[in-house]
Amino acid sequence: MRADHSHRLVIVSNRLPVVLKAGENDWELKPGSGGLVTALAPVLSRNGGLWIGWPGTVTDEDISEPMQRFAEEQGYSLHPVYLSHEDVQGYYYGFSNEVLWPLLHGFHTRCSFEPWYWEKYQEVNRMFAREIMRSTREDDYIWIHDYHLLDVGAELKALQADRKCGFFLHIPFPSPEIFLKLPWRREILSGMLDFELVGFQTQADTINFLHCLRALCPWVDHEEWGNLLRIQCENRTVNVGCFPISIDFEQFEEQARSKEVEHKTAKLNLFHQDQQLILGVDRLDYTKGIPERLMALDKALSLYPELRGRISLLQLLVPSREEVAEYQALKEEIERMVGEINGRYTQPGWIPIHYLYRSLERQELVSFYQASGMALITPLWDGMNLVAKEYCVCNHREDGALILSEFAGAASQLYEDAILVNPYDVNGVAEAIRRGFYMHLSERQARMSRLRSIIRTYDIHFWLESFLKAAFEGQALEFPRDGLRSYLPKIG
Ligand code: GDG
C-alpha cells in the first residue's frame, strides 16, 4: 500500500480467495487458486485490509465463523456477498461467462447475448455496490477487480458514494470490431468511465479500449499524461493505464529453494532421467489453447521421430466451470486426444503425455515447475498468464526454456527471451518444441537469467505500488516499455 499506509485497501472481486466445501460436521476451507488470487492474496496478507466477494457457494447457512477463522490465518478480513441460485445463473454463468469472458477474449461466436443475463448482471453489481457502502469507510481505497464487476462504478455513482475507487481488468480488452458486437456496449463502456482509474494488463488492451471509446463516445477528450491517459468526460477525469500484473517473486523462489520441493523435484527427475519434461499448466478453458497444443506435440513427434522417448508433456488441467456443458465437452475432447496420442506413440518405459486432471498443492506445483526442462504455454488469448512467470521464477538453476504464445499478455514483457509461438500454427509450435529441446545450456541460462531479472524487478509489489501511485498521485511507476509496439513489426 502507499508509503504512508493511511488508507485501508479494500479488494472487491467476484470470488473470495477461499474455496468452501461442506464437510461432515463443519465447512472445510482451502485457499482458492487462479491468477487473481495468486496475485492479490500476498498483497493483502502483507498489508492487511478487507476482501469483499462471493463465497462461491449458494447456502442458507451462516458461514461467518469458518470465514472468520480463515481470515485471521491470512491476516485480513473477509466480507461475503451472498448470491441466490438465480443470481449465479444470470450474473455469473450467464453474463460473466457466456458474454463477457468469450467476447473480451475475442470469441464472439461463443457468446449468448440473453437480455435477462444483463438484467441480473446489473442487479448483482448493485448488490456488490451496496455491500461496499455497508462495510467500508470514506477513507478506504476501493479496488474492484475483473470483468464480473464492470458496472460497480456506475452503481456506486447511483448510490452517490463518496469513495475513492479504481478498477483492474485481468483479461484482455478487444478491438472495436469485436467489442461493438455487444448489445450493451455503451452501458459497459460508460460504466467503466465511472471509476477514477482503470487499469489494463498491456498497452494493446489500453489502446483497444481507447479505440472503442472513440467509436462509441467520440465527444470524450483524452491526453497522454506521463504513463497514463487522462480522459475528460463531462466534469470528471478518468485515468487509464497499463499495469502488467505479476507474482510474489520472493515467495515463489523461497518455496522453489526449500528442502521439501528439492526433494520432490529430485524424485520426479529420477523417473525422467533421459527425458526432458515439457510442462503445461492450465485451468480447463477454451482460451488456453490445449487441443492446439496437443496437436502440436503430435506433430512434433511425427515430424521429428528422434524426439520420441526423449520428451514427455506433463499436462496439468485444473478443474474449472465443470457444470457448464461446453467445458465438459472440452474436457472430453482433451482426454480423447491424450488417449489417441499416447496410444500412437507409447513405448515400454516411455509415455508422451502424463495427464493430471485436478488441483495440486502449491508445493507440488512448484516441484513440477522445477523438474521441467521446458514450459509450453500456448493460450489463444490471455490477459497475462502467471504460469509463464511462475515457471521462470521457480527455475532458479536457470536451465529451462519458455515457449510462449504471442497472444499471452506476458509476451509483451518476456518476448525477447521466450521462444514465441503463434498457438494456431501447429507446425510452428512443433518446431519450437524441437528448438527448445536442442537449445544449448549456455543459451538457456542466458535467456532464463534475463527473464527472471525482468520478473524480479516488476513483481507483484511493484504492480501494487504502481497502481496505487496512479490512484493517489495521478502518475504510474514506469514499467519497462511494453514490447508489443516494437515487437509486432518484427513478425514475418
Ligand atoms: C486470470 C487471467 C491473468 C494453477 N494450477 C494450480 C494452481 N494454479 C495457479 C497458478 C497461477 C494461476 O493458478 C493461474 O493463473 P493464470 O494467470 O495463468 O490464469 P487465470 O486463472 O486464467 O487468471 C490471466 C490472471 O487472471 C491474473 O491477472 O494472468 O490472464 O485469465 O497462479 O499457479 N495453483 C495451485 N494448484 C494448482 O493445481 N495451488
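**View 1. Five elements frame the ligand.** Helices and strands α1 (35-47), β12 (276-283), β13 (311-318), α13 (362-371) and α14 (386-394) each put at least two residues into the shell around the ligand. Those labels follow DSSP runs, numbered from the N terminus: helices are H or I with at least four residues, strands are E with at least two. Keep in mind that this is a predicted model, where local features need pLDDT of at least 70, side-chain atom pairs count only at pLDDT 80 or more, and totals for chains, interfaces and linings use all residues. Residues are numbered from 1 along each chain as its sequence is written, and side-chain values use heavy atoms, with hydrogens and water left out.

**View 2. The ligand sits between two domains.** Domain 1 (9-242) and domain 2 (249-457) both contribute to the shell, so the ligand lies between them; the bounds come from an automatic or database domain assignment. In total, 26 residues surround the ligand, and the closest are Thr 38, His 170, Leu 360, Asp 382 and Glu 390. To make the list, a residue needs a heavy atom within 4 Å of the ligand. Sorted by class, the shell has 12 nonpolar, 9 polar and 5 charged residues (Gly counts as polar here, while Tyr and Cys go with the nonpolar set).

**View 3. Polar contacts reach the ligand's oxygen atoms.** A polar contact here is a pair of N or O atoms within 3.5 Å. The side chain of His 170 places an N or O atom 2.6 Å from a ligand oxygen, and Lys 288 has a polar side-chain atom 3.1 Å from a ligand oxygen. Asn 385 joins in through its backbone, with an N or O atom 2.9 Å from an oxygen of the ligand. On its own the ligand would expose 730 Å², and the protein buries 93% of that (Shrake-Rupley areas, 1.4 Å probe).

**View 4. Phe 173 pairs with Phe 200 and with Phe 209.** Rings pair if their centres lie within 6.5 Å; planes under 30 degrees apart are stacked, over 60 edge-to-face, and the rest tilted. By this rule there are 29 aromatic pairs. Phe 173 and Phe 200 have centres 5.7 Å apart and planes at 70°, so they're edge-to-face. Phe 173 is in the loop between β7 (164-168) and α6 (176-179), Phe 200 in strand β8 (residues 197-200), 27 residues apart. Both are buried (under 20% relative accessible area, 1.4 Å probe, protein chains only). Phe 173 and Phe 209 are edge-to-face too, at 5.4 Å and 85°.

Terms used. Polar contact = N/O pair within 3.5 Å; in protein donor to acceptor, adjacent residues only side chain to side chain. Phe/Tyr/Trp six-rings, centres within 6.5 Å; stacked < 30°, edge-to-face > 60°. Buried < 20%, exposed > 50% of the residue type's maximum accessible area, 1.4 Å probe, protein only.
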